[in-house]
Amino acid sequence: MKELKRQLYLRWDEILVMFFSQGAFFLFGELILVITVYILGENELIEAGTLLALIGPVFIMIFTGVCSVGQCFNLGIGMCDTRRRLVPALAAGSFLQFLAFSGVAYLLHHLELWLFRVFYKGAENEVSLAVLFQWKYILVACVFMAALQMLFSTLFLKLGRAALWIVWGVWMAVCLGLPRLTGAPELMKNIFLEITEAMALTGISVAAVILLLISYLLIRRQQVTL
């Protein structure tokens, strides 16, 4: 617990960036809604503020965390901490950050619904994001994002700036590969129909455990880098 508190203390600036970026993305989404409804005259709404507050800061958290987690590791090992205690604390700290991020997004979601009722009377909310704010989804998503952040951080520690090129390559492969997958809509539809919610949550959880295990195996003998 003491090590976890230390990690949260060392990351206070990153946590503040997370909260401010969520607020900024939320306000940008609300600006889009104002333009859509009051200028373009549309009568249908989407929770743009909540959606941007969920998607945008995630990428900021992952990539800023790549550096901050590495710094926390170097500082911890430099102060004679053991990897057996430090590495789980790093992962737990990332998990709590994403959990706090989810809590703020939940509050912004309800704020946006209140804004809908007050300023957009008569307009229809096309897609409700309330379904996303269930504990089973939140916990699994936070564990997976923390595991992904740990893996990227470990690669950055071991490979330096070359790790950023690896992450960029994976990202481009995903972006270029998705259009090819969408070229077979019937196949994709059949696959998604066969995957149950329990199977999806279990698969994501297993993937998170694998990522954490890979991170630990890579970092267990990692030396301090200045």
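The architecture, helix packing and nonpolar cores of the protein are described here from a predicted model.

The protein contains eight helices and two strands. Read from the N terminus, these elements follow the order α-α-β-α-α-β-α-α-α-α. The chain comprises 226 residues, of which 35% count as buried. Among contacts with a sequence separation of 6 or more, 86% join residues 24 or more positions apart.

Two helix pairs were examined for packing geometry. Two packed helices are described by the angle between their axes and the distance between the axes. At the N-terminal end of the order of elements, helix α1 (residues 2-10) packs on α2 with an axis separation of 4 Å and an angle of about 60°. The two helices, α1 and α2, are therefore oblique to each other, as the angle falls under the range of 65 to 115 degrees assigned to roughly perpendicular pairs and is not under 35 degrees. On the side of α1, the contact involves Leu 8, Tyr 9 and Leu 10, and on the side of α2 it involves Trp 12, Asp 13 and Ile 15. By class, five of the residues in the contact of α1 with α2 are nonpolar and one is charged, with no polar residue.

The second pair consists of helix α5 (residues 135-159) and helix α8 (residues 197-219), whose axes come within 8 Å and cross at roughly 25°. This angle makes α5 roughly parallel to α8, the limit for that description being 35 degrees. The contact of α5 with α8 comprises 19 nonpolar residues, together with three polar and three charged ones. The crossing of α5 and α8 is left-handed.

Both α5 and α8 also take part in the largest nonpolar core, to which α2 (12-39), α3 (48-78), α4 (83-119), α5 and α8 each supply at least two residues. This core has 23 residues. The greatest contribution comes from α5, with nine residues. Within the core, the residues with the most contacts are Ile 62, Phe 98, Phe 101, Met 145, Leu 148 and Phe 152. When residues up to four places away in sequence are not counted, Leu 148 touches Ile 62 and Leu 211. Another core, of 10 residues, lies apart from the largest one and includes Val 69, Cys 72, Phe 73 and Ala 91.

Terms used. Residues numbered from 1 in each chain as written. Predicted model: local features only at pLDDT ≥ 70, side-chain atom pairs only at ≥ 80, totals over all residues. Heavy atoms only, no water. Axes fitted to C-alpha atoms, helices over the stretch in contact; angles between N-to-C directions. Parallel < 35°, antiparallel > 145°, perpendicular 65-115°, else oblique. Left-handed = near helix turned anticlockwise from the far one by under 90°. Nonpolar A, V, L, I, M, F, W, Y, C, P; charged D, E, K, R; others polar. Core = buried A, V, L, I, M, F, W, Y, C linked by side-chain atoms within 4.5 Å. Buried < 20%, exposed > 50% of the residue type's maximum accessible area, 1.4 Å probe, protein only. Contact = heavy atoms within 4.5 Å.
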